[in-house]
Amino acid sequence: MAAERLYAEHGMFAVSNRQVSEAAGQGNNAAVGYHFGTKADLVRAIEDKHRGPVEQRREQMVAELLKSGPEKGRVAEMRDWVACLVRPLTDHLVALGNPTWYARFAAQAMTDPAYFNIVVKGALSSPSLVQVVDGINHCLPDLPIDVRLERNIMARNLLMHTCADLERALAAGGSMPHRSWRAAASGLIDAIVGLWLAPVTPYE
């Protein structure tokens with residue numbers, strides 16, 4: 001989609017509906033407004049297009065994890081839950097092929113107050129994501145609530161902005177630090193697990 005590419009490469013604020021219409025080969029500059037309504041509606045349509053496959057993959061991973069629960073002699077660990085956070089996104093980016101724009105699009109939206117809620121608050125309504133966050137919290141029963149909230153934000157930003165950086169490098173013909181998205185996912189899982197398990201310094 002032309003809008004997704006333009007937003008990913010230039011940011012939402014810098015791209016007009018006229019530019020989107022021209023990039024999409026539409027002679028009518030009002031085409032975007034006619035088909036989608038406001039820019040927020042267009043951003044929501046792009047996000048919805050990607051959220052479905054990511055959510056479906058996460059639901060599958062969570063179901064598999066719960067199926068191999070304590071009755072099967074295995075207790076889900078922090079790394080298992082973090083994998084359910086990371087791999088649905090990286091698997092989706094693999095499925096899209098190269099180049100992709102979704103990670104950069106979402107990272108742009110997350111930093112724009114006008115569109116933050118569309119991407120972040122919308123994702124937080126996902127039942128499977130709620131299960132993942134609950135699973136992570138269950139692995140850290142003694143972590144103070146304010147630290148949980150803080151590290152949730154850190155983990156979300158680390159995941160999306162790292163994927164956006166890797167996506168940008170691939171689109172530019174550069175090389176990734178890892179051989180594949182799967183390897184990049186493993187690195188992200190390592191980092192996010194480390195973030196969650198880091199010691200808490202008492203406030204002064």
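This is a short talk on how some of the helices pack, on the largest pocket, and on one unusual peptide bond in this structure, which is a predicted model.

Let me begin with helix 5, residues 78-96, and its packing against helix 8, residues 127-138, where the two axes come within 9 Å and cross at roughly 155°. Because angles over 145 degrees count as roughly antiparallel, helix 5 is roughly antiparallel to helix 8, and the crossing of the two is left-handed. On the helix 5 side the contact is made by Met78, Trp81, Val82, Cys84 and Leu85, and helix 8 answers with Leu129, Gln131, Val132, Gly135 and Ile136. By class, these residues divide into eight nonpolar and two polar, with no charged residue among them.

Helix 5 also packs against helix 10, residues 181-197, at an angle of about 145° and with the axes 9 Å apart, and here the crossing is right-handed. The contact draws on residues of helix 5 that include Met78, Val82, Val86 and Leu93, and on residues of helix 10 that include Trp181, Ala185, Ile189 and Trp196. In this contact there are 14 nonpolar, two polar and four charged residues, with Arg79 and Arg87 of helix 5 and Arg182 and Asp190 of helix 10 among those taking part.

Beyond helix 5, in the loop between helix 5 and helix 6, we find Pro99, and the peptide bond that joins Asn98 and Pro99 is cis, with omega at about 5°. For context, most peptide bonds are trans.

Turning to another pair, helix 4 and helix 7 pack at an angle of about 40° with their axes 10 Å apart, which means that helix 4 is oblique to helix 7, and the crossing is right-handed. Ala40, Val43, Arg44, Glu47 and Arg51 of helix 4 meet Ile118, Val119, Gly122 and Ala123 of helix 7, a set with five nonpolar, one polar and three charged residues.

Finally, which elements give two or more residues to the lining of the largest pocket? They are helix 4, helix 5, helix 6, helix 7, helix 8 and helix 9, so the helices of two of the pairs I have described appear in this list. The pocket holds about 480 Å³ of space, and of its 23 lining residues the closest to the centre are Arg58, Leu85, Ala123, Leu129 and Arg156. Leu85 and Leu129 also belong to the contact of helix 5 with helix 8, while Ala123 takes part in the contact of helix 4 with helix 7. Taken by class, the lining has 16 nonpolar, two polar and five charged residues.

Conventions:
Residues numbered from 1 in each chain as written. Predicted model: local features only at pLDDT ≥ 70, side-chain atom pairs only at ≥ 80, totals over all residues. Heavy atoms only, no water. Axes fitted to C-alpha atoms, helices over the stretch in contact; angles between N-to-C directions. Helix = DSSP H or I, 4+ residues; strand = E, 2+ residues; numbered from the N terminus. Parallel < 35°, antiparallel > 145°, perpendicular 65-115°, else oblique. Left-handed = near helix turned anticlockwise from the far one by under 90°. Contact = heavy atoms within 4.5 Å. Nonpolar A, V, L, I, M, F, W, Y, C, P; charged D, E, K, R; others polar. 1 Å grid on protein atoms, 1.4 Å probe; cavity = no way out; pocket = protein on both sides within 12 Å on 5 of 7 lines; lining within 4 Å. Points joined across faces, edges and corners; volume = space filled by probe spheres on them.
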